[in-house]
Amino acid sequence: RTRAPMNFLMPGVLALFGLATLSKMGVVALVAAWVLIIARIATSTNRRLAVTAAVLLVGLALTQDMVRERLLARARPELQLDGVQRTSTDVRLLILRSAWRGLAEQPLFGVGYFKFEEYSLRDPEIRASTAGIGYGTHNTYLEILVEGGLLAFIPFLLHFLSYARNFRYTWCAIARQQDVIVAAAMTG
């Protein structure tokens with residue numbers, strides 16, 4: 001609710017750094033933060049300012065050949081070491097398949113901490129596509145689940161849920177009181 005729009009400069013720069021990773025989840029997280037939190041506390045003037053700045057920056061970025069090429073490359077299949085072309089989504093599906101197999105084999109204790117890359121090599125397709133190196137999980141929740149099993153994942157979830165208990169108060173502070181500090185903490 002700032003009356004000094006330049007205060008948006010640092011959060012905007014941080015958002016650009018997040019987008020520069022070209023992570024699909026980064027985009028999802030930024031959009032979710034905007035829809036669920038920021039839009040609730042921003043004034044209409046600041047919402048218009050932020051949306052206008054975002055549209056201009058995206059438009060400017062898309063005029064750059066290098067940016068367009070990098071964005072298109074994220075969706076284009078890449079030639080893997082086994083000679084097969086796969087997209088990053090294809091690779092993630094291979095990882096998920098291997099992780100679910102590992103969890104099915106060792107549901108309580110998991111495959112062992114820092115052992116998933118080695119475990120993923122049991123999949124002949126992963127072994128071939130990585131030349132025997134294997135893949136990491138690329139997902140913290142999945143990593144805890146497959147490497148530590150349910151005995152690690154359940155306490156992890158319970159710890160997270162202990163914070164979620166107070167989300168009702170957090171949402172009230174954001175929606176009703178328009179508490180900017182609470183909104184900034186939740187957005188982060």
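What follows is a chat between a visitor and a guide about reading helices, contacts and loops in one structure.

Visitor: Before we start, what kind of model is this?

Guide: It's a predicted model. Let's begin with a pair of helices.

Visitor: Okay. At roughly what angle do the axes of α2 and α11 cross?

Guide: Look at helix α2, residues 24-41, and helix α11, residues 180-187. Their axes cross at roughly 165 degrees and come within 10 Å of each other. An angle over 145 degrees counts as roughly antiparallel, and that makes α2 roughly antiparallel to α11. As for the handedness, α2 and α11 cross in a left-handed way.

Visitor: Which residues make the contact between them?

Guide: From α2 you have A33, I37, I38 and I41, and from α11 you have V180, A183, M186 and T187. Sort the residues of this contact by character and you get 7 nonpolar, 1 polar and no charged.

Visitor: Some of those numbers are three or four places apart. Why do residues with that spacing point the same way?

Guide: An α-helix has 3.6 residues a turn, so residues three or four places apart point the same way.

Visitor: Can we zoom in on A183? Is A183 buried or exposed?

Guide: To judge that, you look at the relative accessible area, and under 20% means buried. A183 sits in helix α11, and its relative accessible area is 2%, so A183 is buried. Now compare sequence with space: A183 and I41 are 142 residues apart in sequence, yet their C-alpha atoms are 7.7 Å apart. Leaving aside neighbours within four places in sequence, A183 is in contact with I37, I41 and I174.

Visitor: And what does T170 contact, leaving aside its neighbours within four places in sequence?

Guide: T170 belongs to helix α10, residues 167-175. With those neighbours left out, T170 is in contact with V182 and M186. Its relative accessible area is 16%, so T170 is buried.

Visitor: Let's try another pair. At about what angle do α5 and α8 pack?

Guide: Helix α5 covers residues 88-105 and helix α8 covers residues 140-148. They pack at an angle of about 35 degrees, with their axes 8 Å apart. α5 passes α8 in a left-handed crossing. On the α5 side the contact uses L96, A99, W100, G102 and L103, while α8 brings L142, L145 and V146. The residues in this contact divide into 7 nonpolar, 1 polar and no charged.

Visitor: Which residues of α8 are buried?

Guide: In α8, those are L142, I144, L145, V146, E147 and G148. The buried residues of α8 pack against α5, α6 and α9.

Visitor: What about the ends of α8? Which residue caps the N-terminal end?

Guide: For a cap, check whether a side chain reaches a backbone nitrogen. Here N139 caps the N-terminal end of α8, with a side-chain oxygen 2.9 Å from the backbone nitrogen of Y141. After α8 comes G149, whose phi is positive, near 70 degrees.

Visitor: Which residue other than glycine in the loop between α10 and α11 has a positive phi?

Guide: That's Q178, in the loop between α10 and α11; its phi is near 50 degrees. At 27% relative accessibility, Q178 counts as partly exposed. A131 also isn't a glycine, and it has a positive phi of about 55 degrees. You'll find A131 in the loop between α7 and α8, and at 56% relative accessibility A131 counts as exposed.

Visitor: Back to α5 for a moment. What does S98 touch, not counting residues up to four places away in sequence?

Guide: S98 lies in helix α5, and with those residues set aside it touches F116, Y119, S120 and I126. At 0% relative accessibility, S98 counts as buried. Distance along the chain is a separate thing to read: S98 and Q85 are 13 residues apart along the chain, and their C-alpha atoms are separated by 19 Å.

Visitor: One last serine. With which side chain does the side chain of S129 make a polar contact?

Guide: With the side chain of Y135, at 3.4 Å. S129 is in helix α7, residues 124-130, and S129 is buried, with a relative accessible area of 3%. Leaving aside neighbours within four places in sequence, S129 is in contact with Q80, L81, D82, R86 and Y135.

Key
Residues numbered from 1 in each chain as written. Predicted model: local features only at pLDDT ≥ 70, side-chain atom pairs only at ≥ 80, totals over all residues. Heavy atoms only, no water. Axes fitted to C-alpha atoms, helices over the stretch in contact; angles between N-to-C directions. Helix = DSSP H or I, 4+ residues; strand = E, 2+ residues; numbered from the N terminus. Parallel < 35°, antiparallel > 145°, perpendicular 65-115°, else oblique. Left-handed = near helix turned anticlockwise from the far one by under 90°. Contact = heavy atoms within 4.5 Å. Nonpolar A, V, L, I, M, F, W, Y, C, P; charged D, E, K, R; others polar. Buried < 20%, exposed > 50% of the residue type's maximum accessible area, 1.4 Å probe, protein only. Polar contact = N/O pair within 3.5 Å; in protein donor to acceptor, adjacent residues only side chain to side chain.
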